[in-house]
Amino acid sequence: MSTGAVSSAGLADPSEPSRGAAPAAASGPAAAPDPSAGPAAAVALPPRAERGERAQAAVERLRPAGVEAVAVTWVDNAGIARVKAVPLDGLVHAAEWGVGTAPCFDVFLADDSIVTSRSIGGPTGDLRLYPDLDRVVPLAAQPGWAWVPGERYTQSGAPHPGCQRLFARRMTAAAAERGITVKAGIEVEWVVALAGPAQEEPRYPTDGPAYGMQRLTDLSDYLREVLHALGAQGLAVLQIHPEYAPGQFEVSVAPEGPVEAADTSVLVRQTVRAVSARHGLRASFAPVVEAGSVGNGGHLHLSLWRDGRNLARGGAGPHGLTAEAEGFLAGVLGALPGLLVLGSSSPAGYLRLVPSHWAGAYQCWGLENREAALRLVTGSTGERATAANAEIKCFDATANPYLAIGGVLATGLAGLAQRLALPPEFTGDPAEAAPGTVPRLPAGPGDALAAYQRSAVLREALGEPLYEAVLAVRRGESERHASATPEQLVAATRWRY
């Protein structure tokens, strides 16, 4: 084990030098990944002719499926999926030349008001949004439409430093340079309500018990259509079930690469929203839909692999973790206060992040401990070599998934490079521990922002423009809702996510 251990009383952030930590290997990247880390091909645009040929092939695949228009989406720093759409016949031009988007979208708040940052903001300038044709897919619940995630570049073709998807790709490339492949998945939880005026308190189409079969029976046609739509779009659903809060459900899909998992979380949510509308229902992915109730999480699962071997198994660390997996998870755990800025975009997220609600409100880890912010999952005996993974429970669906995944990779790689070790495992509910025994994660955006600003790892990995834009948006959201009651905050965000 590394001597750079972190204790449960004072978890080390890998942005700070760890006491007694062994230095990073000379052959590996520095503790803070360079924002330009990874092969240039990871974020460089392919040649225009190649983009056009691939787009034409996509058009020929989509036309027989009845597709007439393509929605090209990106997710802003407030966690809102934004879109530019083109007719199918315009997809080739969009792939060759991009679609115009204003840089100020990077400083939009969830209510569509606009702030500014030192690098990004104001009405001047333009970017080009390019569709990633590897992910274009007809939308099963929106006949005539296809969806594709986009990436943003400057008019000269240089990567836009504020593009969140390109950030996730750079961090994925940084892991690959270490020979590490990452598999990830984001659980999607939502509350479904009867459609009605946005100002009304939600009314639910089922009043069945938490996790109860009654809820599935009441909404069996709706849930079956959700499953059908996701499957028709090429997604492998692992399970779907009622959750705890009134009208709440969850769906999980098979793990993918980090960028692909973030894409899928966007696609799943838009699919659920579309199926809900077809049934006269409305879906909310907000952290809290009713003040005082259990909220919607956006739990991130991930595992590290090298040469086909799961690094969460067969090692000498806790519960079979290898030294690499333990260092990675220790880096993430130590950085969680600052990572909340990326993993929970809205002040409403802190209404969900409360003790004894399975939200992961404490900065600790444990095997199958649903109260720990970092839950280690080994899987059943016999499948552990493939199933073992870690779950980050403190994130929610207001997060830009590309920022959340990229931030986790950056801090995890920093912990791996510093050879950190996990603190002692915590079992049981940390809320019942002696005061001061287990550190609480920030209970509000102010403390999370302070931790974010102390993190050299995140600043270096994000790059200054993206780092500053995220900071400006979080400050703007915090100031906008500073005097709001929980009820007012919930009402303001309920239908924005």
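1. Rings of Phe, Tyr and Trp pair if their centres lie within 6.5 Å, and in this predicted model the structure holds 6 aromatic pairs. One aromatic cluster is formed by W74, F105 and F108. Within that cluster, the rings of W74 and F105 have centres 5.2 Å apart and planes at 75°, so the pair is edge-to-face. Because W74 belongs to strand β2 (residues 69-75) while F105 sits in the loop between β4 (99-101) and β5 (127-131), the pair ties together parts that are 31 residues apart in sequence. Both W74 and F105 are buried.

2. Another aromatic pair joins two strands, with Y130 in strand β5 and Y153 in strand β7 (residues 145-153), so that parts 23 residues apart in sequence are tied together. The ring centres of Y130 and Y153 are 5.7 Å apart and the planes stand at 80°, so this pair, too, is edge-to-face. Y130 and Y153 are both buried.

3. Charged side chains also meet aromatic rings in this model. K183 lies over the face of W305, at 3.9 Å from the ring centre, and the charged end of R370 sits over the ring of W358, 5.7 Å from the centre of that ring.

4. The largest pocket holds about 1000 Å³ of space. It is lined by 45 residues, and those closest to its centre are E187, E250, H301, R375 and E391. The elements that give two or more residues to this lining are β8 (181-186), β10 (237-242), β11 (248-253), β13, α8 (349-352), β16 (372-377), α9 (384-387) and β17. By class, the lining of the largest pocket divides into 17 nonpolar, 17 polar and 11 charged residues.

5. Turning to enclosed space, the structure holds 9 cavities of 30 Å³ or more, and the largest cavity contains about 120 Å³. Its lining is made of 15 residues, of which I186, R269, G298, D396 and A397 lie nearest the centre. Two or more lining residues come from each of β9 (188-194), α6 (258-278) and α10 (401-417). The lining of the largest cavity comprises 8 nonpolar, 3 polar and 4 charged residues.

6. The second largest cavity has a volume of about 80 Å³. Among the residues that line this cavity are L302, L304, F328, L376 and N389. Here the elements that give two or more residues to the lining are β13 (300-306), α7 (323-343) and β17 (389-392). The class count for the second largest cavity is 9 nonpolar and 2 polar residues, with no charged residues.

7. What is the count of disulfides in this model? The count comes to 0 disulfides, where the cut-off is a pair of cysteine sulfur atoms within 2.5 Å. C163 is in no disulfide, and the nearest cysteine sulfur, that of C104, is 15 Å away. For C394, the closest cysteine sulfur is in C364 at 10 Å, too far for a bond. At 2% relative accessibility, C163 counts as buried, and C394, likewise at 2% relative accessibility, counts as buried.

8. A last point concerns P47, which is found in the loop between β1 (4-5) and α1 (48-62). With 52% relative accessibility, P47 counts as exposed, because the cut-off for exposed is over 50%. P47 and G415 are 368 residues apart in sequence, and their C-alpha atoms are 37 Å apart in space.

Terms used: Residues numbered from 1 in each chain as written. Predicted model: local features only at pLDDT ≥ 70, side-chain atom pairs only at ≥ 80, totals over all residues. Heavy atoms only, no water. Buried < 20%, exposed > 50% of the residue type's maximum accessible area, 1.4 Å probe, protein only. 1 Å grid on protein atoms, 1.4 Å probe; cavity = no way out; pocket = protein on both sides within 12 Å on 5 of 7 lines; lining within 4 Å. Points joined across faces, edges and corners; volume = space filled by probe spheres on them. Helix = DSSP H or I, 4+ residues; strand = E, 2+ residues; numbered from the N terminus. Nonpolar A, V, L, I, M, F, W, Y, C, P; charged D, E, K, R; others polar. Phe/Tyr/Trp six-rings, centres within 6.5 Å; stacked < 30°, edge-to-face > 60°. Lys NZ or Arg CZ within 6 Å of the ring centre and 35° of its normal.
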